[in-house]
Amino acid sequence: MGRVFNLIFTVDFISSVIRVTTPILFATLAVLLSERAGVVNISVEGAMLISALMGVVGSAYSGSPWIGLLVAVLSGIIYSWILAFFHLRLGTDIILTGIALNLLASGLTVFVLFLLTGDKGVSTGLPSKVLPNLKIPILKDIPILGGILSNQNVLTYIALVSIFVINIFLDRTRLGVYIRAAGEAPNAVETAGKSVNRIRRTALILGGIFAGCGGAFMSMAYLSMFTKDMVAGRGFIALAAETMGKGNPLLSSISALLFGFADALSNNLQLFRIPSEITRIIPYLLTVVALATYSGRMQDKDRIPM
Amino acid sequence: MRKLSKVWWFNIATTALAITISLLIAFMIIFMVSDQPLDAVNSLLFGPLSSLRNFGTVIETMITISFTGMAVCVMFQGGQFNLGAEGAFFIGAITASAITTKLSLHPGMLMFVAIVGGGLAGMLLCYIPAILRAKFNADEMVSSLMLNYVALYLGLYLLNTFLRDPNFGMLASYKIPPDAKLTQFIPKTRIHTGVFIVAILIFLIYIFIYRTRTGYSIRVLGNNPNFAHYSGIKVGSAIVISQVVGGAIAGIGGSVELLGMYERFQWTSLPGYGWDGVIIAILARNKPQYVPIAALFLSYLRIGSSIMARLTDVPYELIIVIQSIMIVLITASALLGRLRHKMVVKEAIAHGQSI
C-alpha cells in the first residue's frame, strides 16, 4: 500500500492524471453545455469518435495538425447539428437518437477507415500528425507545479482554460443566461419571445466544439493514431461527471478529474501486479457509487415523482 | 377499435418508409464506393437466401438478438432507459461458461442450471441501476452504461483467472461439455433449441406485460409516471421489476448464445447485442410480440451485409451506418406527426357523428 501512495504523490503521476483527464474534461464540458440547456446529450461519445477519426484524416491529408484539429472540431459541430436537427426540428427522442448516432459513429468510422486505409482497426496507414506539447515560460521553472502543469499538450491547456470560460459564459453572458433558462424554465423563455429550440441548438453546437477537441486529443495527442472505438465510454463517463457536479462547470470538472485520477491509477496499478481487469473497473464502479451518492437532480424530479 | 388499427397501420407505414429510405441511402453509398455495385446490392438483398446455411445464420442471429430485443422492450415499456442489456448478456454468457465448466452435475441439469444462472447474473446486473433509481433517484441510463464496463472487466477477470484453458492458443475458457450444450437440430445449420426458449419467453413476456397487474403498472409508468404515481401504483417496485425482468432475459440470452453456438467462451469485448436490442425495441415499438419480426429483419440485413463484405469490396460496417439512419428516421415521428394528428382528429369526429 505504501508503494501505491509513493506512486500517487509523484509529479509524473499527477501530470499523467491531467493528461488522461483532458478528453473526459472536454466531453464533460460538451455534456454540460447541452444539459444546462435542457438536452440530455448521450451522443458526445459518438461525436468524439467521429472527430478523432476526422482529426487524423484532416492532418494526414493536409500535413498540418492544426488543420486536423479544425477538421475535428468541424466534424463535432456537424455531428451535433445533426442531433439538434433530429431532436429539435423533427422531435425525435433525444436518447434514442443519441444511441443511433453513437452506433452510426462506431460504424461510420470503421467504414471510412477501411475505405481510406484498407484496415478496420487502426489508422497507422495514414501519416497523421500530433498536436504539440507546450512549455509554458514562467510556469515550467516553478518546482513541483511546473513539472505537473508544464509540458502538457496544447489541448490540455485549452481544456483547463475552457472550464473558466464556460463558467463565466454561463454566469455572465446573455447567451449563457438564455441557455440556463432554456434548461430550467423553458416556458419562461418562450414567454419572453425567445425560441427555446434555437437556444438549445446553439448549446448543442457549442458542445460539439468541445467534443471535437476531445476527439482530436484522443487521436492526435493521447495516441498518435485512430483506433476502432477508441473513445471507450469517455462520453458516458462525462454524463456521470456532469451529474456529480450538478451542472456546475467547476464541480463537474473536479468530478472529471476524479475519473481521470481513477483512470491513471488503473494504468499504473498494473505495475503492481494487480490484475489489469480489476483496476480498469475502478473508474466505472466509482461512477456508479458517486451517482448514487450525488443524485437527486432538478430535472429528474420531472421524470419520476417519488 | 378502428381507430386503433389505423394508428397501427400508420406505424407500419412510417416504419416501411424509414426502411425504404435507409435502404435507398445504402444503395447510393454502395454505388459511390464500390467497383461492383450490382453484385454488392444483390448479395446484400438476396445473399441470405442463397443457401440453407446462409439462411440458417439469419435464424441463429435472430435468436440471439431476440433476447436482447425483448429485454430492452420490457425496460423501455416501463420508461426505464436501462442500457444494461449489453452487460447482462455478456455476464450471462460468462456465468454459463463458469457453471458448465466448473460444476459437475447431471448433464441435462447442468444446462438448466447454466441458463438459470446466466439469467440470475443478468438480473443482478440490471438490479443495480434499478434500485439506485428507485431509492436514490440516480439516473439509470448512466449507471447502466457504467455497469456494462464493470460487467466486461469483471467477466474478463473471471475468464483470465479461473476459467482460462492454458492449453488453448487464445484467451478462452475450458471446453463446454457437449452434453450441456443446446442441440443443433437442423442439419447444415447451427440453429439450436434456443429458438424454442425464445418462443416461450416471448409468449410469457407478452402475458406478463399485457395480462398481469405488474405488467399494467409497468406500462402505466412508461406512459405517464405522474399518473402512475397519483393513481397509487407502486412506482418504485414497477421501476425495479421492469429492469430486473429485462436483465434476466438478457442474461438468459447470453447463456443460451454460449450453449447454443460456442465451444468455449472467448469474447474479449462486449459483443454489441445489447445495442442491437435497442434497435429491435425501436423497430418493434417496445411490443414483445413484434420482437421476432424485427429481429428477423435486422438479422437478415446483417447477414446480407456480411455476405456482401465477403464477396465484394463494400465493408460490413455499411449496415451499421444504415441501421442507425433507420432508427433515427423511425423515431422521427414528427416527420409525419402532423398527418397522424389530423387522421386521429378526423376519425374522432367521424366516430362522434356515427354515434
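**Chain B and its contact with chain A**

Modeller: In this predicted model, Asp139(B) caps the N-terminal end of H6(B), with a side-chain oxygen 3.1 Å from the backbone nitrogen of Met141(B).

Colleague: How many residues of H6(B) are buried?

Modeller: Of its 24 residues, 18 are buried, so H6(B) is largely enclosed by the rest of the structure.

Colleague: And what does H6(B) supply to the side of chain B that touches chain A? Start with the contact itself: how many residues does each chain bring?

Modeller: Chain B brings 56 residues and chain A brings 46 residues. The area buried between the two chains is about 4,600 Å², and carbon and sulfur atoms give 78% of that area.

Colleague: Which three residues supply the most area on the chain B side?

Modeller: Met146(B), Tyr149(B) and Tyr153(B) do, with 14% of the area that chain B buries against chain A. No other three residues supply more.

Colleague: What about polar contacts and salt bridges between the chains?

Modeller: There are 4 residue pairs in polar contact between chain B and chain A, counting pairs with both residues at pLDDT 80 or more. The rule finds 1 salt bridge across this interface.

Colleague: Which helices of chain B supply at least two residues each to that side?

Modeller: They are H1 (2-33), H5 (107-136), H6 (140-163), H9 (225-230), H10 (235-261), H11 (273-283), H13 (318-331) and H14 (334-354) of chain B. To return to your earlier point, H6(B) gives the largest share of the side that touches chain A, 14 residues.

Colleague: How does that side divide by class?

Modeller: By class, the side of chain B that touches chain A has 41 nonpolar, 10 polar and 5 charged residues.

Colleague: Back to the salt bridge between the chains. Which residues form it?

Modeller: Glu317(B) pairs with Lys120(A), and their closest N and O atoms are 3.0 Å apart. Glu317(B) sits in the loop between helix H12 (291-311) and H13 of chain B. Lys120(A) sits in the loop between helix H5 (94-117) and strand S1 (133-134) of chain A.

Colleague: Is Glu317(B) buried or exposed? And what of Lys120(A)?

Modeller: Glu317(B) is buried, because its relative accessible area is 11% and the cut-off for buried is under 20%. Lys120(A) counts as partly exposed, at 31% relative accessibility.

Colleague: How many salt bridges are there over all chains?

Modeller: The search of the whole structure finds 8 salt bridges. One of them is within chain A, where the side chains of Glu184(A) and Arg36(A) meet at 3.8 Å, N to O. That pair links distant parts of the chain: Glu184(A) is in helix H8 (residues 174-184) and Arg36(A) is in helix H2 (residues 11-36), 148 residues apart.

Colleague: Which residues of chain B are linked in a network of salt bridges?

Modeller: Lys175(B), Lys181(B) and Glu263(B) are. Within that network, the side chains of Lys175(B) and Glu263(B) meet at 3.5 Å, N to O. Lys175(B) is in the loop between H6 and helix H7 (194-211), and Glu263(B) is in the loop between H10 and H11, 88 residues apart. Glu263(B) counts as partly exposed, at 45% relative accessibility.

Colleague: Change of topic: the overall fold. How many helices and strands does chain B have?

Modeller: Chain B has 14 helices and 0 strands. Its radius of gyration is 22 Å, close to the 20 Å that the globule rule gives for 355 residues, so chain B is as compact as a globular protein of that length. Its C-alpha atoms fill a box of roughly 75 × 60 × 35 Å along the principal axes.

Colleague: What percentage of chain B counts as buried, and how far apart in sequence are the contacting residues?

Modeller: Of the 355 residues, 56% count as buried. Among contacts in chain B between residues at least 6 apart in sequence, 76% join residues at least 24 apart.

Colleague: Last topic, the backbone. What is phi of Arg285(B), and of Ala232(A)?

Modeller: Phi of Arg285(B) is near 50°, a positive value in a residue other than glycine. Phi of Ala232(A) is also near 50° and positive. Most residues other than glycine have a negative phi.

Colleague: Where do Arg285(B) and Ala232(A) lie?

Modeller: Arg285(B) lies in the loop between H11 and H12 of chain B and counts as partly exposed, at 26% relative accessibility. Ala232(A) is found in the loop between helix H10 (196-222) and helix H11 (234-244) of chain A, and at 34% relative accessibility Ala232(A) counts as partly exposed.

Technical notes:
Residues are numbered from 1 along each chain as its sequence is written. Chains are lettered from A and ligands numbered from 1 in the order in which they are written. This is a predicted model: local features need pLDDT of at least 70, side-chain atom pairs count only at pLDDT 80 or more; totals for chains, interfaces and linings use all residues. Side-chain values use heavy atoms; hydrogens and water are left out. Contact means heavy atoms within 4.5 Å. Buried area is the accessible area (1.4 Å probe) that two parts lose on being put together, summed over both. A salt bridge is a side-chain nitrogen of Lys or Arg within 4 Å of a carboxyl oxygen of Asp or Glu. A polar contact is a pair of N or O atoms within 3.5 Å; within protein, one must be able to donate a hydrogen and the other to accept it, and residues adjacent in sequence count only if both atoms are side-chain atoms. Helices (H or I, at least four residues) and strands (E, at least two) are DSSP runs, numbered from the N terminus. Ala, Val, Leu, Ile, Met, Phe, Trp, Tyr, Cys and Pro count as nonpolar, Asp, Glu, Lys and Arg as charged, and the others, Gly among them, as polar. The radius of gyration is taken over C-alpha atoms; the globule rule is 2.2 Å times the number of residues to the power 0.38. Buried means under 20% relative accessible area, exposed over 50%, partly exposed in between (1.4 Å probe, protein chains only).
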